[in-house]
Amino acid sequence: MPKDFERTRRVAEQLQRELAMLIQQEIMDPRVGMTTVSAVEVSKDLAHAKVFITALNKEQPHQETIDALQHAAGFLQHELGKRLQLRTCLLYTSPSPRDED
């Protein structure tokens, strides 16, 4: 298990909060629906982030939600860059590990 650095942990927490707000308030794609950001893992150099999502709408396939977020990744990265004053991470969305049960 990689050593958890304080800055990467804080950046991951801030990314999680900002992404949750952006997805809720700015993304109007109906495929996203009710989605929460359950966790964010950031690389040591802050160049990459892995975003774990949970889709609360069980009628909609989880892969559609991931595809919609991948489609909006450029917009999300741009907005995160403006809000966090950070050359922001590349976003990779994947299902939450808790959803795989």
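Me: I'd like to get my bearings first. How many helices and strands are there in the protein chain?

Reply: The protein chain has three helices and three strands. Do keep in mind as we go that this is a predicted model.

Me: Thanks! And what pattern does the chain follow along the sequence?

Reply: Reading along the sequence gives α-β-β-α-α-β.

Me: What share of the residues counts as buried?

Reply: Of the chain's 101 residues, 40% count as buried. You can also look at how far apart in sequence the contacting residues are. Among contacts in the protein chain with a separation of 6 or more, 62% are between residues 24 or more positions apart.

Me: Now the helices. How do I read the way H1 and H3 pack?

Reply: Here is the general idea: a pair of packed helices is described by the angle between the axes and the distance between them. In this model, H1 covers residues 6–25 and H3 covers residues 73–84; their axes come within 11 Å and cross at roughly 125 degrees. That angle makes H1 oblique to H3. As for handedness, the crossing of H1 past H3 is right-handed.

Me: Which residues of H1 and H3 meet there?

Reply: On the H1 side they are Gln14, Leu15, Glu18, Leu19, Met21 and Leu22, and on the H3 side Leu76, Glu79, Leu80, Arg83 and Leu84. Sorted by class, this contact holds seven nonpolar residues, one polar residue and three charged residues.

Me: Glutamate 18 caught my eye. Is it buried or exposed?

Reply: Glutamate 18, a residue of helix H1, counts as buried because its relative accessibility is 13%, and the cut-off for buried is under 20%.

Me: What is glutamate 18 in contact with, leaving aside its neighbours within four places in sequence?

Reply: With those neighbours set aside, glutamate 18 is in contact with Leu80, Arg83 and Leu84. You can also check a backbone distance: glutamate 18 and leucine 76 are 58 residues apart along the chain, and their C-alpha atoms are separated by 9.5 Å.

Me: Let's turn to H2. How can I tell whether the buried residues line one face of the helix or not?

Reply: A helpful starting point is that an α-helix has 3.6 residues a turn, so residues three or four places apart point the same way. In helix H2, residues 62–71, the buried residues are Thr65, Ile66, Ala68 and Leu69. Viewed down the H2 axis, these buried residues fall within an arc of 160 degrees, so they line one face of the helix.

Me: Could we zoom in on threonine 65? What is its relative accessibility, and what does it contact?

Reply: Threonine 65 sits in helix H2 and counts as buried, at 1% relative accessibility. Apart from neighbours within four places in sequence, its contacts are Arg31, Val32, Thr35, Ile53, Ala55 and Gln60.

Me: What should I look for in the loop between strand S1 and strand S2?

Reply: Have a look at leucine 46, which lies in that loop, between S1 (35–42) and S2 (48–55). Its phi is near 60 degrees, a positive value in a residue other than glycine. Leucine 46 is also buried, with a relative accessible area of 12%.

Me: Which residue of H1 is in contact with Leu46?

Reply: That would be arginine 7, found in helix H1. Leaving aside neighbours within four places in sequence, arginine 7 is in contact with Leu46 and Leu86. Arginine 7 and leucine 46 are 39 residues apart along the chain, with 9.3 Å between their C-alpha atoms. Arginine 7 is partly exposed, at a relative accessible area of 46%.

Me: And arginine 10: where is it found?

Reply: Arginine 10 is found in helix H1 and is partly exposed, with a relative accessible area of 47%. Arginine 10 and valine 42 are 32 residues apart in sequence, and the distance from C-alpha to C-alpha is 9.7 Å.

Definitions and conventions: Residues numbered from 1 in each chain as written. Predicted model: local features only at pLDDT ≥ 70, side-chain atom pairs only at ≥ 80, totals over all residues. Heavy atoms only, no water. Axes fitted to C-alpha atoms, helices over the stretch in contact; angles between N-to-C directions. Helix = DSSP H or I, 4+ residues; strand = E, 2+ residues; numbered from the N terminus. Parallel < 35°, antiparallel > 145°, perpendicular 65-115°, else oblique. Left-handed = near helix turned anticlockwise from the far one by under 90°. Contact = heavy atoms within 4.5 Å. Nonpolar A, V, L, I, M, F, W, Y, C, P; charged D, E, K, R; others polar. Buried < 20%, exposed > 50% of the residue type's maximum accessible area, 1.4 Å probe, protein only. Arc of directions from axis to C-beta.
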